[in-house]
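Reader: I would like to go through the labels used for this model and hear, for each, how the value leads to the word. Could you take them in turn, please?

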Amino acid sequence: MIKTPNYNLNKPTYDDFGDIADLNANADIIDAALFDKVSKETGKGLSEANFTATEKSNLASMVSDITNLQNGKQTKITASGILKGNGTGGVTGSTQIPSTDVSGLGNAATKNLGTAAGTVSEGNHNHNGVYATLTDGKVTPSLLGVSTVSVTSGKTSVLTDANTLQVVNSTSAITITIPTHASVAYPLGTAIDVMRYNTGAANIAVSSGVTVNGVTTTLTVVNRYGVISFVQIEIDKWIAVGDK
């Protein structure tokens, strides 16, 4: 009598007598082995025993979340902040996602769109002459324009004067001085326009080390309502065009 290598079934040789007990023992071994097996189901490559019910549920939840993200059902950016979605019928309510729920964004994780202090409100916004509109969480650039600054006394231009129209409004002469880059770090390409709005002279001087059109001569807007435009093309090097 010999045994099979896997299930240890009795395997009589040609010299052994047939024994019902051996057949019954084999049947019991086979019955027990088959009982622990899961029947193959059409369309499944793995048996259920290799993929638990919990794992199946987690996978289904992940697929649902991905689908909802693709359909915009999980989150939505509005003027009130980033809203949490219910994952089924779109985003509702007004719950903002706290910064602690967002990782990998550094300081940006704490910046929310909204109407509270320190956030961006809906409406039109101007930063150094560049306009944009925030509506329902969407930022739309507006036509490029410049903001105006009323000048009624002499001054040295500051960083916020970048991309503005300096309106010199005085009956006496006024001088605006362009500082060095070391004093005011204007980005290259910065433009400053100067208008003579009243009868007083509108003069534009430069600090030591700054040139306009290659020279350091003070420029004057010739005519009332005339404008001279200054553009920084290199550090401490400006060009000027206009009524001069």
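Reader: What makes Trp238 count as buried?

Author: In this predicted model, Trp238 has a relative accessibility of 2%, and buried means under 20%, so Trp238 counts as buried.

Reader: How do you know whether Tyr186 is buried or exposed?

Author: The same cut-off of under 20% applies, and because the relative accessible area of Tyr186 is 2%, Tyr186 is buried.

Reader: How many aromatic pairs does a search of the whole structure find, and why is the one formed by Tyr186 and Trp238 called edge-to-face?

Author: The search finds two aromatic pairs. In one of them, Tyr186 and Trp238 lie 5.7 Å apart, centre to centre, with 90 degrees between the planes; rings pair if their centres lie within 6.5 Å, and planes over 60 degrees apart count as edge-to-face, so both conditions for the name are met.

Reader: What makes this a link between distant parts of the chain?

Author: Tyr186 sits in the loop between strand 12 (174-178) and strand 13 (191-196), while Trp238 belongs to strand 18 (residues 237-242), and the two are 52 residues apart.

Reader: Why is the pair of Tyr197 and Tyr225 called edge-to-face?

Author: Here the centres are 5.8 Å apart and the planes make 80 degrees; set against the limits of within 6.5 Å for the centres and over 60 degrees for the planes, these values give an edge-to-face pair. This pair also links distant parts of the chain, with Tyr197 in the loop between strand 13 and strand 14 (202-206) and Tyr225 in the loop between strand 16 (219-220) and strand 17 (227-234), 28 residues apart.

Reader: Why is Tyr197 called partly exposed?

Author: Its relative accessibility is 38%, and since buried means under 20% and exposed over 50%, Tyr197 falls in between and therefore counts as partly exposed.

Reader: How do you know that strand 17 pairs with strand 13 and with strand 18?

Author: Two strands pair if there are at least two bridges between them. Strand 13 and strand 17, which run antiparallel, are joined by five bridges, with Ile192 having Phe230 as its bridge partner in strand 17. Strand 17 and strand 18, also antiparallel, are joined by six bridges, and Trp238 in strand 18 is the bridge partner of Gln232, so each of these two pairings meets the requirement.

Definitions and conventions. Residues are numbered from 1 along each chain as its sequence is written. This is a predicted model: local features need pLDDT of at least 70, side-chain atom pairs count only at pLDDT 80 or more; totals for chains, interfaces and linings use all residues. Side-chain values use heavy atoms; hydrogens and water are left out. Rings of Phe, Tyr and Trp (its six-membered ring) pair if their centres lie within 6.5 Å; planes under 30 degrees apart count as stacked, over 60 as edge-to-face and the rest as tilted. Helices (H or I, at least four residues) and strands (E, at least two) are DSSP runs, numbered from the N terminus. Buried means under 20% relative accessible area, exposed over 50%, partly exposed in between (1.4 Å probe, protein chains only).
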